[in-house]
Amino acid sequence: MQQNKLTSNDRTLHNLIAKNQFGTFFGVSQEIFDGVWKKLTATDTNSVVYISMEIGADPDVFHPLKDKLLHLKKPIAQDPQLKQFVDTLFRGPEKIPCYGGGLGVLAGDTLKSFADCRLPVVAVSLLYRHGYFSQIVDSKIGQISQSVEWHPEQTPGLYLLRDPENPEQALEVHIPFFNEYDQETMASAQVWMKMEINHTLDYFVPELLLDFSLKDNPPPIREAAGQLYNSESSIIKATQRRMLGTGILPVLQAMGITSNTLHLNEQHGVVVALQLISEELQNSLKHHDISRADNSQIIAAADKIAKKLVYTIHTPVKAGHDRFNKSVYAGISHKSCQHILELLAHDEDSPHSYNFTTLAMRVNRSANSVSRLHRDVTQKQFPGFAKKITAITNGVHHLTWISNTRAELFDSFPELNNWRDNPGVLQNVASLKNNKRFRDYLEHAWQKDSEILYSYINAMLLQHRNQMTSTWIDPPNYYSNIIDADTKLDPTVFTVGFARRFSTYKRADLVFDNIDTLCSIAVKDKRPINFLFSGKAHPADEPGKTVIKSILDYQKELYTKSQGLVNLIFIPNYDMKIAKMMVAGVHVWLNNPKRPLEASGTSGMKAALNGVPNLSIMDGWWVEGYHKGLTGWKFGHEGPVDETDLSESPEALLYAEDSASFYQMLPGVLEEYYDEGSRSQFIDKAIMNLILNIPIFNTHRMAAEYLQKYELNLPSSLQSRMNNFSALYNSNE
Ligand SMILES: *Cc1c(COP(=O)(O)O)cnc(C)c1O
């Protein structure tokens, strides 16, 4: 019978199902699944665990499996199990809202590159039942945060792992917590797995997400399991860090994973070092009693386990370094743990606190910052560890962030063959620089991406106005009152993009410091400017929320004083999808942090990968990506880092100086964009970003530099491929 015959599509799909004792998974063949699993569980311990508080890898911006199924002619499978997988894939939610910003997106991008490069890595993070938060914006109130409703059970590509002993039940790992009397309370976590599958569907990196929301867990644990970066109390904050740190070893053990290198993506998971030290003491002390260990025994154990840890520090901003009052920590951990912390987590600024950044700095075999300038700042902040702090400049996953239209451009020039596997190939754009077809195609692709972005924004502005009648929310954009069928925002108007977390040091409102000056620049030669802004402030960050509110408050004044030439639009609920539309559709990408507080920044790299020039303070990665003006513009204070104030106090933020520098630069930028005679210089800048910045500021090159710290034993063909990526650049120069 016809129905019983497998079509070739079904065979392809059958090849995408794999099983093991933990469940049934969809996306790679059994052979590939087993190959990855074997590497992670091998007795020769040749793999890495990547540990991050957040992972941003939303399937709506990168999903090679879905792309492949969309291209199959008849993707409907006969097999009921397959049919269910395929249906959920196409109907299920497209977001995994367990990230807050750049750190998580970087983690996701890194894992995708590890998968593309076929490196033996497994990631551990937490699953937050209420995500981070969802942002509503009201013009009178500003940011309103709402708890996210999402259902991991319905999310395609997320699997709740089964207990191999008892397959009807979910796998649980059990982790001891302590109260202030040192009484043990056990907490349990279920384990979800997401597979970060590479673009050729022949490798993956598993992400293990610990879910502490179980009913029987003590209430404080369940509360801490709800929301990423919940900072309602320092107990909740410390508990959340402990959930990650103490969960790592038990989950690896339960799954038989043998990795011996643990990479801490920021210090949030550093409590794993305390676990390792305790284990080491238990094994090495004759009496096996950790509480009787003396200082020198603890130091010796710490030095020994330090050889397993690689640590990446991500910010010079003190608020990003976890410090907990000693009494808070005594309330959740065992006494012996506090003895270790006394020795290794001393806080210079406060004798009553433990400093977890100090602990992470102390206990590792390698510590790195995320750009060259950040290395210099970090060495200054931690003079005792200066010698070992190196730089590995961040990157972004090129297959995630290069827009579809730009990708079609690269696909249609044989000079760029293989750019998907090797972003270094984009160096060859040098031979196309004066090729008219290439230049026209690039301009055309850019216009198309601008149109996509603007159709989203114009629809959003109308929708906000229409919603006003059914909700109490005032549209966050003044322009919602103006837009109608005839007056829409025009995608050919010079468009400045700015999107990232709203933190004080990022100074989102800098370029509106002097609205009269800004408007007079636009009015002088009748050169319109659209500013598109987006981003969330942490719900407890009052100054950050105030900056969002002032962005909303400036809109009308800008519009009026410029006679409608300057528009400022705020796009609520920033996420990876909005980011992807913005970095490809705007004409320049603005970044104006207070130097040197932006350790790297990655959104500007996403723009650069699409050929969009940056307009930025000389901070973070831009010090390396600026290339004497070939790839964009710089402005603002550039003094030596030795003499700068690292605080975020208003006097230290240099608003007047840096905004004046922006106004001085702006007319030249507008001229290049609008003036027919100099337009080709603008396109040159776009092309130089492809040539100079794509090959460097991608996570393949970054992964290759981390690989040098991982000490893995890889097949020589793989090793030499990775060497090619790292040969292009030495971040630590
Ligand atoms: C890239 C990205 C960020 C990081 O932006 P920075 O400029 O590095 O601060 C934050 N949020 C989202 C959603 C992103 O895609």
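Start by selecting T185, which at 35% relative accessibility counts as partly exposed, and keep in mind throughout the tour that the model on your screen is a predicted one. T185 has its place in strand β11, which covers residues 184-197. If you leave aside the neighbours within four places in sequence, the residues in contact with T185 are I175, P176, F177, F178 and P218. For one of these, I175, you can check the C-alpha to C-alpha distance in the viewer: it is 8.5 Å, across a separation of 10 residues in sequence.

**A hairpin**

Next, select residues 134-146, where strand β5 (residues 134-138) and strand β6 (residues 142-146) pair in the antiparallel sense over five bridges. The two strands form a hairpin, with three residues between β5 and β6. To find the register, look at I136, which stands opposite I144 in β6.

**Strand β14 and its two partners**

Move on to strand β14, residues 309-312, and show the side chains: L309 and Y311 point one way, V310 and T312 point the other way, and all are buried. This can be read against the general rule that in a regular strand the side chains alternate between the two faces of the sheet. Which strands pair with β14? Strand β13 (residues 261-265) pairs with β14 in the parallel sense over four bridges, and strand β17 (residues 366-369) pairs with β14, also in the parallel sense, over three bridges. To locate these pairings residue by residue, select N265, whose bridge partner in β14 is T312, and then V310, whose bridge partner in β17 is S366.

**Helix α11 and what covers it**

Now select helix α11, residues 335-344, in which S336, C337, Q338, I340, L341 and L344 are buried. What covers these buried residues? The cover includes the helices α7 (234-255), α8 (271-284), α9 (295-305), α10 (326-330) and α12 (356-362), together with the strand β16 (353-355). Colouring each of these elements separately may help you to follow the surroundings of α11.

**A six-stranded sheet**

The next stop is an open sheet of six strands, which follow one another in the order β21-β20-β19-β22-β23-β24, with parallel pairing. The edge strands are β21 (566-571) and β24 (632-635), each of which pairs on one side only. Direction ignored, neighbouring strands of this sheet are turned by 20° against each other on average. Within the sheet, select strand β19 (residues 494-499) and strand β22 (residues 588-591), which pair in the parallel sense over two bridges; here G497 stands opposite W589 in β22. Then add helix α16 (residues 436-467), which lies across β19, β20 (529-534) and β21 and runs at about 80° to β21.

**A buried aspartate**

From there, go to D658, which is found in helix α22, residues 655-674. Is D658 buried or exposed? D658 has a relative accessible area of 2% and is therefore buried. Apart from neighbours within four places in sequence, D658 is in contact with R507, L510, I617, F635, G636 and H637.

**Helix α24 and two helices that cross it**

Finish with helix α24, and look at two crossings in turn; two packed helices are described by the angle between their axes and the distance between the axes. Begin with helix α5 (residues 102-116), where the axes of α5 and α24 come within 9 Å and cross at roughly 80°, so that α5 and α24 are roughly perpendicular to each other. At this contact L106, D109, T110, S113, F114 and D116 in α5 meet T699, H700, M702, A703 and Y710 in α24. The residues of the contact of α5 with α24 divide into five nonpolar, four polar and two charged.

For the second crossing, select α24 (residues 699-710) together with helix α25 (residues 716-727): their axes come within 8 Å and cross at roughly 115°, which makes α24 roughly perpendicular to α25. The crossing in which α24 passes α25 is left-handed. From α24, the residues to display are H700, R701, A703, A704, E705, L707 and Q708, and they meet Q719, M722, F725 and S726 in α25. By class, the contact of α24 with α25 has five nonpolar, four polar and two charged residues.

Terms used:
Residues are numbered from 1 along each chain as its sequence is written. This is a predicted model: local features need pLDDT of at least 70, side-chain atom pairs count only at pLDDT 80 or more; totals for chains, interfaces and linings use all residues. Side-chain values use heavy atoms; hydrogens and water are left out. Buried means under 20% relative accessible area, exposed over 50%, partly exposed in between (1.4 Å probe, protein chains only). Contact means heavy atoms within 4.5 Å. Axes are lines fitted to C-alpha atoms, for helices over the stretch in contact, and angles run from 0 to 180 degrees between N-to-C directions. Angles under 35 degrees count as roughly parallel, over 145 as roughly antiparallel, 65 to 115 as roughly perpendicular and the rest as oblique. A crossing is left-handed if the near helix is turned anticlockwise from the far one by less than a right angle, and right-handed if clockwise. Ala, Val, Leu, Ile, Met, Phe, Trp, Tyr, Cys and Pro count as nonpolar, Asp, Glu, Lys and Arg as charged, and the others, Gly among them, as polar. Two strands pair if DSSP finds at least two bridges between them.
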